Amino acid sequence: MIIFRYLCRELLYATLAVSSVLLLMVMGGRFVKYLAEAAAGDMSASILFPLMGYRLPEFLQLVLPLGFFVGILLAYGRLYIESEMTVLHACGFSERRLLGYTLIPALLVALLVAAMSLFLTPTGLERWSGLLTADKSRNEFDHLMPKKFVSTKGNRSVYFADSLSKDKSTMHDVFLAELGSPQEDTETNHQVVTVAREGVQQIDPETGLRYLVLRDGYRYEGVPGQKDYRLMKFSSYEQLLDIPYVRSRWQDQVESAATIDLMHSDKPAERAYLHWRLSLPVLVLVVAVLAVPMSRTNPRQGRYAKMIPAVLLYLAYLIILLRVRGAVEDGDIANPAAIWLVHPPFLLLGLFLLGGGKLGKRPKRSQPESPQEGLEDA
């Protein structure tokens, strides 16, 4: 029991350290992307931290298996380097027993990953998608920044305001350039430019449509290079704003779908994603079997001698799982359960490496350098 607690403590510290670094890297990259969108006015800054919180389970379900795998390599590698593992094996502590002790925390990590992949991640992605959709569905003027040109979805119009009120409801010194609809004849290069002293957004209470009400301005309409421009002066001019298009990918819908819904689905692609969710906990157990024999380290080789091959093997394992899932989604593989064929080869490889070790046997005594030393030993 003392050895078990000691090994679990070493694994816990190493796994937490590696997982924290990996999680910080993944979340840092995603946060920088969201921060850039918020700085560009494409997203509200107030939803940055809720977005990151909703995606945390998704990041953890991928980070924890790798963190646990590398944690085993680091923790047991240190024990081999400092000859602690050699002493344990000399006392009859076999490598199979070490694997049994390792599978207990591996089972706990697998249960945690299962909770993430089956329940927490779909719920988080559903709320993340709803929050992002609600923010994206707002009109471009909600993200308008003073002294900056902003194009609408489809690049049909360009807006500019010299200044904005605090609540962003009123724009001052407005410039609006309409570039024409994609359905129109682009050879005529017909353009409309409108300038106004101020502009206010108004919502029709009956239809819910948004209008831009411009006051005290001019409207120029014509083709550049020609003299038949039309000039109109107005005291008030209303224009319907573009209805923003919110992208809704099929992949986003499947990722945020509840696990129970995927179980009742007959679509191969959705069934493939269900098997992917179930495969992540199994991935933790398989990589634990792989990591135990791969953590054997010769003190002369160094602590990180097998780190790169082990990580490459893990990446190959994960990439094959993703490729099989993608092949099922694309229709190249008919049976969604084909993803389970990826686990046995890596499990057998781990068992083969485990059986090929010499540790667990009592070390051979070295030959005496002289007969006198042999007699003294006797």
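This section describes side-chain contacts, a surface patch and two backbone features in a predicted model.

Aromatic pairs make a convenient starting point. Eight of them are counted in the model. In one, the rings of Phe4 and Tyr101 meet edge-to-face, with 5.4 Å from centre to centre and 75° between the planes. Phe4 belongs to helix α1 (residues 2-39) and Tyr101 to helix α4 (residues 95-136), so this pair ties together parts of the chain that are 97 residues apart in sequence. Phe4 and Tyr101 are both buried. These two residues also belong to an aromatic cluster, which they form together with Phe93.

Another aromatic pair is made by Phe149 and Phe175. Their ring centres are 6.2 Å apart and their planes stand at 85°; because an angle over 60 degrees counts as edge-to-face, the pair is placed in that class. Distant parts of the chain are linked here too, with Phe149 in the loop between α4 and β1 (150-151) and Phe175 in strand β3 (residues 170-178), 26 residues apart. Phe149 has a relative accessible area of 56% and is therefore exposed. Phe175, at 26% relative accessibility, is partly exposed.

Aromatic rings also meet charged side chains. Arg55 lies over the face of Trp128, 4.9 Å from the centre of the ring. In a second case, the ring of Trp276 has the charged end of Arg325 over it, at 5.1 Å from the ring centre.

Arg325 has a further partner, Glu329, and the side chains of Arg325 and Glu329 meet in a salt bridge with an N to O distance of 3.5 Å. Both residues lie in helix α8 (residues 307-330), where they are four residues apart, or about one turn of the helix. Arg325 is buried, its relative accessible area being 14%. Glu329 has a value of 23% and is partly exposed.

Side chains of opposite charge can pair when their charged atoms come close. Across the whole structure, a search finds 11 salt bridges. Glu178 and Arg219 form one of these, with their closest N and O atoms 3.3 Å apart. This salt bridge links distant parts of the chain, since Glu178 is in strand β3 and Arg219 in strand β5, 41 residues apart. Glu178 and Arg219 are both buried.

The salt bridge between the side chains of Glu82 and Arg78 has an N to O distance of 2.7 Å. Glu82 is partly exposed, with 45% relative accessible area. For Arg78 the relative accessible area is 16%, and because buried means under 20%, Arg78 counts as buried. The two residues are also part of a network, in which salt bridges that share partners join Glu10, Arg78, Glu82 and Glu84.

A polar contact appears in the strands as well. The side chains of Glu198 and Arg215 are joined by this contact, at 3.0 Å. Glu198 is located in strand β4 (residues 191-203). With 14% relative accessibility, Glu198 is buried.

Turning to the backbone, two residues have a positive phi without being glycine. For Ser83 the angle is about 65°. Ser83 sits in the loop between α2 (48-81) and α3 (84-90), and its relative accessible area of 34% makes the residue partly exposed. For Asp216 phi is near 55°. Asp216 is part of strand β5 and is partly exposed, at 39% relative accessible area.

On the surface, Tyr218, Tyr220, Tyr229 and Leu231 make up a nonpolar patch of about 400 Å². One of these residues, Tyr229, is placed in the loop between β5 (210-222) and β6 (230-240). Tyr229 is partly exposed, and its relative accessible area is 41%.

Notes. Residues numbered from 1 in each chain as written. Predicted model: local features only at pLDDT ≥ 70, side-chain atom pairs only at ≥ 80, totals over all residues. Heavy atoms only, no water. Phe/Tyr/Trp six-rings, centres within 6.5 Å; stacked < 30°, edge-to-face > 60°. Buried < 20%, exposed > 50% of the residue type's maximum accessible area, 1.4 Å probe, protein only. Lys NZ or Arg CZ within 6 Å of the ring centre and 35° of its normal. Patch = residues over 30% accessible without salt bridge, like charges linked within 9 Å, V, L, I, M, F, W, Y side chains within 5 Å. Areas by Shrake-Rupley, 256 points an atom, 1.4 Å probe, with all protein chains shown as cover. Salt bridge = Lys/Arg side-chain N within 4 Å of Asp/Glu carboxyl O. Polar contact = N/O pair within 3.5 Å; in protein donor to acceptor, adjacent residues only side chain to side chain.
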